[in-house]
Amino acid sequence: CYGAGLAERELGHFASGRRSALVLATKFGISPSHLAALLPAGAYLNAAAGAALKALRLRRFGSGAPHRDYSVATLRHSVESSLRRLRTDYVDILHVHAPTVETLASTEPLVQAMEGLRRAGKVRHFGLSGDALQCLAIARGSPALGEVLQIELPAGAQGQPDGPPLPREAAIGSWEFPAARVPSPQWPLAWILAALQRLVPG
């Protein structure tokens, strides 16, 4: 969820009366700053300030790594909060937001809690969103978390997978968005499809 929940509130307004025609996806695991939590609209000001500083090539002070929390308690609280803001009783996809193998070392309690949310009808599918290598590594160890992959390819990555590239149709369950312009987009797609084939053979 972006903007300390503001994006979900706006989407909830839009989805009102047309929920069955939409596929709603959200994320959990990265907490907003204390200031953003108190003043969600400030997220827009923060984004504008960041864009201005970037344009001026100035460094922003005090903008360290975001706080990540993938605990079961955070999962449950995040889902309930998202459902209220989205004005719905279920989401179609819940992504674990930008996990790493280190920050998501123990997945079994999380998977069990997610299955409980599925049985309760609150979440239909689960996925991983973030760096391709990290998400694929986590999904190999915990396939239940990798039903839907929203993965980011590193800019300027190089190398070819072994064997012929897979057809584009094989990527139905994954979304790809490059972190920056990739000079030759053909091989990154083939590379990621090969990784997905190793993850889910056949």
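Student: How many salt bridges does the structure hold?
Tutor: This is a predicted model: local features need pLDDT (the predictor's confidence in each residue, from 0 to 100) of at least 70, side-chain atom pairs count only at pLDDT 80 or more, and totals for chains, interfaces and linings use all residues. Residues are numbered from 1 along each chain as its sequence is written, and side-chain values use heavy atoms, leaving out hydrogens and water. A salt bridge is a side-chain nitrogen of Lys or Arg within 4 Å of a carboxyl oxygen of Asp or Glu. The number of salt bridges in the structure is six.

Student: Which parts does the pair of R85 and E8 tie together, and how far apart in sequence are they?
Tutor: The closest N and O atoms of R85 and E8 are 2.7 Å apart, a salt bridge. Helices (H or I, at least four residues) and strands (E, at least two) are DSSP runs, numbered from the N terminus. R85 lies in helix α4 and E8 in helix α1 (residues 6-15), so the pair ties together parts whose separation in sequence is 77 residues.

Student: Are R85 and E8 buried or exposed?
Tutor: The cut-offs are relative accessible area under 20% for buried, over 50% for exposed, and partly exposed in between (1.4 Å probe, protein chains only). In α1, E8 is listed with L6, G12 and A15 as buried. Both R85 and E8 are buried.

Student: Where do D92 and R19 lie?
Tutor: Their side chains meet in a salt bridge, 3.0 Å from N to O. D92 is buried at a relative accessible area of 8%, and R19 is buried at 14%. The pair ties together parts 73 residues apart in sequence, because D92 lies in strand β4 and R19 in the loop between α1 and β1 (25-28).

Student: Which residues are linked with R19 in a network of salt bridges?
Tutor: One link has just come up: D92 and R19 meet in a salt bridge. The network that holds R19 also takes in D92 and R124.

Student: R118 and E115 are how many residues apart, and what is that in helical turns?
Tutor: Their side chains meet in a salt bridge, 3.1 Å from N to O. R118 is partly exposed at 24% relative accessible area, and E115 is partly exposed at 25%. An α-helix has 3.6 residues a turn, so residues three or four places apart point the same way. R118 and E115 both sit in helix α5, three residues apart, or about one helical turn.

Student: Which residues have the most contacts inside the largest nonpolar core?
Tutor: A nonpolar core is a set of buried Ala, Val, Leu, Ile, Met, Phe, Trp, Tyr and Cys residues joined through side-chain atoms within 4.5 Å. The largest one has 26 residues, and those with the most contacts inside it are F28, L75, M114 and L128.

Student: Which elements give two or more residues to this core?
Tutor: Helices and strands both appear in the list. The elements are α4 (72-86), β4 (91-97), α5, β5 (123-131), α6 (132-141) and β6 (148-153).

Student: Which residues is L128 in contact with, leaving aside neighbours within four places in sequence?
Tutor: Contact means heavy atoms within 4.5 Å. For L128 the partners are H95, V96, P99, C135, I138, A139, L145, G146, V148, L149 and Q150.

Student: What angle lies between the planes of F28 and Y70?
Tutor: Rings of Phe, Tyr and Trp (its six-membered ring) pair if their centres lie within 6.5 Å; planes under 30 degrees apart count as stacked, over 60 as edge-to-face and the rest as tilted. The whole structure has one aromatic pair. F28 and Y70 form this edge-to-face pair, at 6.2 Å centre to centre and with a plane angle of 90 degrees.

Student: How many residues apart are F28 and Y70?
Tutor: Both are buried. F28 lies in strand β1 and Y70 in the loop between β3 (67-68) and α4, a separation of 42 residues.

Student: What is phi of A98?
Tutor: Most residues other than glycine have a negative phi. A98, in the loop between β4 and α5, is buried at 18% relative accessibility. Its phi is positive, near 50 degrees.

Student: Over which residues does pLDDT stay under 50?
Tutor: The mean pLDDT of the protein chain is 74, and 57% of its residues reach 70 or more. By element, helix α5 (residues 108-119) has the highest mean, 96, and strand β7 (residues 174-178) the lowest, 43. The model has 40 contacts beyond four places in sequence for the stretch under 50, residues 156-187.
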